[in-house]
Amino acid sequence: MQEIIDGITQAFQLIISLNPELLEVTALSLFISLSATAISTLIAIPLGGLIHFREFAGKRGVITIIQTLYSVPTVIIGLFVYLLISRSGPFGFFRLLFTPAGMIIGQSILILPIMIGLTITALSGVDRNIRDTLISLGATEFQSIARIIQEARFAILGAVILGFGRAISEVGVAMMIGGNIRGETRVLTTSIALETGMGNFGLSIALGIVLLAIALVVILIMNLITSGALSDSDKILGGPQA
Amino acid sequence: MIRISGLSRRFGNRDVIKEVDLEIRRDEIFALIGPSGSGKTTMLRLIDLLDRPSGGSIIFDSLRTDGKEFERRSIRRRMAMVFQKPGVLNTTVERNVAFGLEFRGMSPDMIRQRVGDALQKVGLSGFSKRRAISLSGGEMQRVAIARAIVTEPEVLLLDEPTANLDPISTQIIENLIVWINKERKTTVVVATHDMGQGQRLASRIGVMMEGQLVQSGEMYDIFYHPVNRAIATFVGIDPVRDGIVESNDNNLVTVAIHGIRIQAVTALPIGQRVAVCIRPEEVTLSLPNACPSASSARNCLAGTITHLLPYGPFTRVHVDCGIPITALLTRRSCEELGLAHGMRVNATIKATAVHVIPDPGPEDNQLHVKQGEAG
């Protein structure tokens, strides 16, 4: 019990004093997971749109596979990416193993299915009538898809947030691809695993609090946008020109 | 303006549109009338080129419409459609109205001006910055109309534009439709299940039933000369069946139904099985002692009142004269005559007001009767 109380006390001291190691780990975590989310978003929205708007054989099957991959264990993605980018792997010459770039690739792959799947769900949520309306107003296929994606912006934003949440909280890829190298690939989650193993509960708890605080901030921003406190349409997905 | 021939549409193995021939004339308001599920929406979607027919063709202003998507789009851009559900997007009213112009690549200045004009026309000038989905049903439908007319279409298609709206919104929208047709010279096709709306708006009407265009023509023809029982019922007549033409003297016929004889005007031959349609407003009721002498062109039937149903400012009076006859009277004249349930009255109907349609009998389920076959 005393350990926990001491840990929490120490955690707050570290946070308030802006401990350099804590800041560095947090910054790297944010950088890697935000990059992965950005890359995944750029792939997931067009790909999700393509799957939703095009009719093709096996569409149902593709969607089922995507949904199954929502719950793929992070270590499996870690293993898969490791095999691809390790020195003897097909992409070994890029020397991506144990680098932040490798971690970004791993996390992007990890969160891609959930983002594509939720994008499809978001687009399905837009009334079929809207598409007819846009086409009847003279939209080209591209123009109508762009408007429908815009119409589904809040639900798609939810997909992005969930993807980010999965990226920043995962350990498998970060550990296996990053290697938890201090100052280079050490992120919040791998740090917690390591420090706990070493008995540094204070730092672990501090890192945990930071992780939760990030989640809180993200959710607050999302709520602010969806509640319309910010003039939404022009702040998301490029606004009127989208 | 639009010539439709042999148009069909199948969904799976269900024929939703069956061999429809129809011409929409330039500058007219044409009403497609029919019960829900009769194929009106599918017809409008086919006309707007949102869907491709399974058979037949649509010629728009002497252009074929079965080409590539971009060719169809350039034709589609000469039309606009308002759907039953307004389909407004979650953004401002102004942007909703601007979509059609944006798609056509119009400059922002022009768009602003045209959108402003369109919103003024539909009476929503102060609403441009409002969130479209926060409006009432009637206001949303007006946004949808503004969005459609802002592109200045040659043809405006409206699918049940006032379904589920209150009477005031309905009136505003009907006035708008007439205005668009008169002032903008826009050809209008409106689908509605409301006979009265068709009557208020349109010059010509097409009646759809089970995917077929069963009758089309001037309002008067359809109201007074429905070609078959189903249409008669739909336009507010309760046809009396099991009649047979007994004599025909220069098209003045006597029809025998359940022992009652009714005179009517038709060219149908002796022995023809028929149903008789009498519009309720053509029936005059009088008290038994005041029956006018039955002239050669006038039917006078004695009967008993079975029901009195209030119908707005009117009362529908059902009289059992051996055959059921319905009369539509103003509430005032109903009171003056002192009509009540069980009372004996005489129903008088001019022979020219009795419409006779061929009706082979109960096994007849065929809806489609070619025009000209009926009397």
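Trainee: How many residues does each chain put into the contact?
Mentor: This is a predicted model, so keep that in mind. In it, chain A puts in 17 residues and chain B puts in 20 residues.

Trainee: Which helices of chain A supply at least two residues each to the side that touches chain B?
Mentor: α6 and α7 of chain A do. α6(A) gives the most to that side, with 7 residues.

Trainee: And what's the mix by class on the side of chain A that touches chain B?
Mentor: You get 6 nonpolar, 7 polar and 4 charged residues there.

Trainee: Back to α6(A). Which of its residues are buried?
Mentor: The helix covers residues 128-136 of chain A, and the buried ones are A:Ile130, A:Arg131, A:Thr133, A:Leu134, A:Ile135 and A:Ser136.

Trainee: What covers those buried residues?
Mentor: The cover includes α7 (141-151) of chain A, along with pieces of chain B: α2 (69-76), β6 (79-82) and α3 (93-103).

Trainee: What about the backbone just after α6(A), what phi does A:Gly138 take?
Mentor: A:Gly138 has a positive phi of about 100 degrees.

Trainee: Switching to chain B. How many helices and strands are there?
Mentor: Chain B has 10 helices and 20 strands. Its C-alpha atoms fill a box of roughly 75 × 45 × 35 Å along the principal axes.

Trainee: What share of chain B is buried?
Mentor: Buried residues are 43% of its 375 residues. As for contacts in chain B with a separation of 6 or more, 66% of them link residues 24 or more positions apart.

Trainee: Which residues have the most contacts inside the largest nonpolar core?
Mentor: B:Ala146, B:Val189, B:Val190 and B:Val276, in a core of 159 residues. Helix α5 (residues 100-124) of chain A gives the most to this core, with 14 residues. From chain B, domain 1 (2-224) and domain 2 (237-358) each put in at least three residues.

Trainee: Take B:Val190. What does it touch, leaving out residues up to four places away in sequence?
Mentor: B:Val190 touches B:Ile29, B:Ala31, B:Leu158, B:Pro161, B:Ile177, B:Leu201 and B:Ala202. In soluble globular proteins, nonpolar side chains tend to be buried together.

Trainee: Last one, A:Arg87. Where is it, and is it buried or exposed?
Mentor: A:Arg87 is in the loop between α4 (74-85) and α5 of chain A. A:Arg87 counts as exposed because it has 8 C-beta neighbours inside 10 Å, and the cut-off for exposed is 12 or fewer.

Trainee: How far apart are A:Arg87 and A:Leu97 in space?
Mentor: They are 7.9 Å apart, C-alpha to C-alpha, and 10 residues apart in sequence.

Key. Residues are numbered from 1 along each chain as its sequence is written. Chains are lettered from A and ligands numbered from 1 in the order in which they are written. This is a predicted model: local features need pLDDT of at least 70, side-chain atom pairs count only at pLDDT 80 or more; totals for chains, interfaces and linings use all residues. A residue is buried if 20 or more other C-beta atoms lie within 10 Å of its own, exposed if 12 or fewer, and partly exposed in between; C-beta atoms are placed from the backbone. Helices (H or I, at least four residues) and strands (E, at least two) are DSSP runs, numbered from the N terminus. Two residues are in contact if their C-beta atoms, placed from the backbone, lie within 7 Å. Ala, Val, Leu, Ile, Met, Phe, Trp, Tyr, Cys and Pro count as nonpolar, Asp, Glu, Lys and Arg as charged, and the others, Gly among them, as polar. A nonpolar core is a set of buried Ala, Val, Leu, Ile, Met, Phe, Trp, Tyr and Cys residues joined through C-beta atoms within 7 Å. Domain bounds come from an automatic or database domain assignment.
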